[in-house]
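Thanks for asking me to look this one over. Here are my notes, in numbered points, to read alongside the model.

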Amino acid sequence: MDTQTLIKLLNYTGRLNTVPAFVLDEDELIYSSFSHLEEDAKAVLRNLSGNASEIFDVAGREMFACIPHKVGRKTLRIILGPGYTINPVGTAFKGKLILEKLVGKARVRDTLISLSEMSADDFFEYADTLSLVLNNDCLKRSFKAIETLSDKIDGELTEFVFGMRENELSPYSPEAEKKLIELLQSGDVKRLSEININYLSDAPGLKVEYLFKIVALITIATRAAVAKGVSAERAYGLSDLYLAKLGRAETDRQIADIAKNVLPHFGRLIAQFKTQDEEFSPHLAAAEKYIEQHLHFPLSLGDVARNIGVSEKYLSRLFAVKKKEKFTHFVSRLRVEEAKTLLARTDKKLVDIAYSLAFASESYFIKVFSDITGMTPREYRDRHRLAR
């Protein structure tokens with residue numbers, strides 16, 4: 001395939017799935033999905049393209065694929081990515097992103113908003129398909145962090161956690177874990193708030209065992225939420241917030257505050273999405289899932305109805321009958337819940353939170369937040385901020 005045809009193909013597929021693409025001809029960048037790149041972007045891309053014929057991720061956050069393609073006597077290097085299973089916008093992510101090195105700090109948020117979330121399988125399929133078209137060969141998959149391009153994101157503890165969560169290890173007894181899951185899935189936030197985490201851990205202070213037991217607590221709560229019907233994106237997003245916070249904690253008080261908030265926070269999340277069997281509606285479930293996945297974008301009743309294949313009138317009635325609230329109020333309430341997490345656990349400015357959650361302005365965000373919670377965002381932050 002010649003260079004011109006390759007670029008047409010990347011333009012076309014990029015519009016369909018929003019995965020960025022770059023093409024290097026030796027040290028020359030001959031194609032980029034982005035109109036603006038930082039001065040050192042080419043050096044970053046050259047380092048990425050050193051992983052030719054490979055799909056990999058950076059610190060568990062950004063997926064990339066590198067595909068070599070011969071045109072005549074020269075070999076072009078195609079870099080796909082970054083792709084995100086969970087978009088960092090609105091998730092209190094504070095680590096370094098490769099994307100920031102490419103487009104610059106000032107443009108990274110707007111660029112992230114333009115990129116769609118996609119599963120790792122979808123990213124693999126796209127990269128493999130493109131490699132098959134170009135080279136008749138699939139890519140090697142290698143998940144690894146690139147230390148020369150990215151700082152360690154949340155410390156060694158968080159890195160350990162991902163492996164532990166994947167292997168479903170737990171220092172709690174099966175009986176204790178079962179009771180915790182039952183209580184979490186009941187959504188009884190009051191009882192969850194009364195649990196003494198120091199007592200459960202039986203290892204006060206900054207001992208490694210205590211940290212691992214809090215990690216296990218987060219793991220159990222995450223699994224309980226997903227099993228009860230909370231979307232994996234939201235459950236693991238909340239999990240990652242606590243893991244990141246735990247990785248940065250330096251004092252007993254900070255760790256105690258984190259441990260104290262884990263169970264009630266997950267309990268509220270489960271209670272919010274808990275659906276009685278007799279109230280279940282597949283169309284409503286599909287609508288809720290679509291809304292959860294697009295909280296950071298403008299949403300209308302018509303948008304959601306079209307995407308799940310029902311009429312606006314029918315969907316509006318579903319919310320009124322099943323949820324006992326209007327569609328617009330439901331969307332605002334979910335955005336406010338997301339904003340609460342950001343206010344309590346990050347230093348993001350109000351204007352940034354407002355725009356990341358698709359509010360038209362900071363003043364409108366303040367009004368909606370105040371109407372739903374009875375306090376301003378600043379008041380909420382002052383009352384609920386975790387110790388830093």
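The points below go through cores, helix packing, single residues and backbone geometry.

1. A word on the source before anything else: this is a predicted model. Please read every value below in that light.

2. I would start with the largest nonpolar core, which has 29 residues. Inside this core, the residues with the most contacts are Leu-184, Tyr-242, Leu-246, Val-262 and Phe-266. Two or more residues come from each of α7 (174–186), α10 (208–228), α11 (232–248) and α12 (252–273). Helix α10 is the main contributor, giving nine residues. As general background, nonpolar side chains in soluble globular proteins tend to be buried together.

3. What does Tyr-242 touch, once residues up to four places away in sequence are set aside? Its partners are Ile-218, Ile-258, Asn-261, Val-262, His-265, Phe-266 and Arg-345. Two of these partners, Val-262 and Phe-266, are also listed with Tyr-242 among the residues with the most contacts inside the core.

4. Apart from that core lies another one, of 22 residues. Its members include Leu-80, Met-118, Ala-127 and Leu-130. Ala-127 and Leu-130 are also among the buried residues of helix α5, and that helix gets the next point.

5. Helix α5 covers residues 120–135, and its length is easy to check. With 16 residues at 1.5 Å a residue, the helix should span 22 Å, and its end C-alpha atoms are 22 Å apart, so the two values agree. The buried residues of α5 are Phe-123, Phe-124, Tyr-126, Ala-127, Asp-128, Leu-130, Ser-131 and Leu-134. It may help to recall that an α-helix has 3.6 residues a turn, so residues three or four places apart point the same way. After α5 comes Asn-136, with a positive phi near 60 degrees.

6. Now for helix packing. Helix α16 (residues 327–345) packs on helix α18 (residues 362–373) at about 95 degrees, and their axes are 10 Å apart. The two are therefore roughly perpendicular to each other. On the α16 side, the contact uses His-329, Ser-332, Arg-333, Val-336, Ala-339, Lys-340 and Leu-343. On the α18 side are Phe-365, Val-368, Phe-369, Ile-372 and Thr-373. By class, the residues of this contact are seven nonpolar, three polar and two charged.

7. Is Lys-340, from that contact, buried or exposed? At 19% relative accessibility Lys-340 counts as buried, the cut-off being under 20%, so I would keep that threshold in mind when quoting the label. Lys-340 touches Phe-369, Thr-373 and Tyr-380, leaving out residues up to four places away in sequence.

8. A second helix pair is α14 (residues 301–308) and α15 (residues 312–323), which pack at about 105 degrees with axes 9 Å apart. These helices, too, are therefore roughly perpendicular to each other. Helix α14 brings Leu-301, Gly-302, Val-304, Ala-305 and Ile-308 to the contact, while α15 brings Glu-312, Leu-315 and Ser-316. The classes here are five nonpolar, two polar and one charged.

9. Two exposed helix residues have partners far along the chain. Glu-194, in helix α8 (residues 189–194), counts as exposed at 53% relative accessibility. Its C-alpha is 9.0 Å from that of Pro-264, although 70 residues separate them in sequence. Ala-227, in helix α10, is exposed at 63%. The C-alpha atoms of Ala-227 and Ile-270 are 9.7 Å apart, with their positions 43 residues apart along the chain.

10. Last, some backbone geometry to look at on screen. Most residues other than glycine have a negative phi, and most peptide bonds are trans. Gly-81 and Pro-82 are joined by a cis peptide bond, with omega about 5 degrees, and Pro-82 lies in strand β5 (residues 74–83). Lys-324 has a positive phi near 60 degrees; this residue sits in the loop between α15 and α16 and counts as exposed at 67% relative accessibility. Ala-358 also has a positive phi, near 65 degrees. Its place is the loop between α17 (350–356) and α18, and with a relative accessible area of 23% Ala-358 is partly exposed.

Notes. Residues are numbered from 1 along each chain as its sequence is written. This is a predicted model: local features need pLDDT of at least 70, side-chain atom pairs count only at pLDDT 80 or more; totals for chains, interfaces and linings use all residues. Side-chain values use heavy atoms; hydrogens and water are left out. Helices (H or I, at least four residues) and strands (E, at least two) are DSSP runs, numbered from the N terminus. Buried means under 20% relative accessible area, exposed over 50%, partly exposed in between (1.4 Å probe, protein chains only). Axes are lines fitted to C-alpha atoms, for helices over the stretch in contact, and angles run from 0 to 180 degrees between N-to-C directions. Angles under 35 degrees count as roughly parallel, over 145 as roughly antiparallel, 65 to 115 as roughly perpendicular and the rest as oblique. Contact means heavy atoms within 4.5 Å. Ala, Val, Leu, Ile, Met, Phe, Trp, Tyr, Cys and Pro count as nonpolar, Asp, Glu, Lys and Arg as charged, and the others, Gly among them, as polar. A nonpolar core is a set of buried Ala, Val, Leu, Ile, Met, Phe, Trp, Tyr and Cys residues joined through side-chain atoms within 4.5 Å. The expected span of a helix is 1.5 Å times one less than its number of residues.
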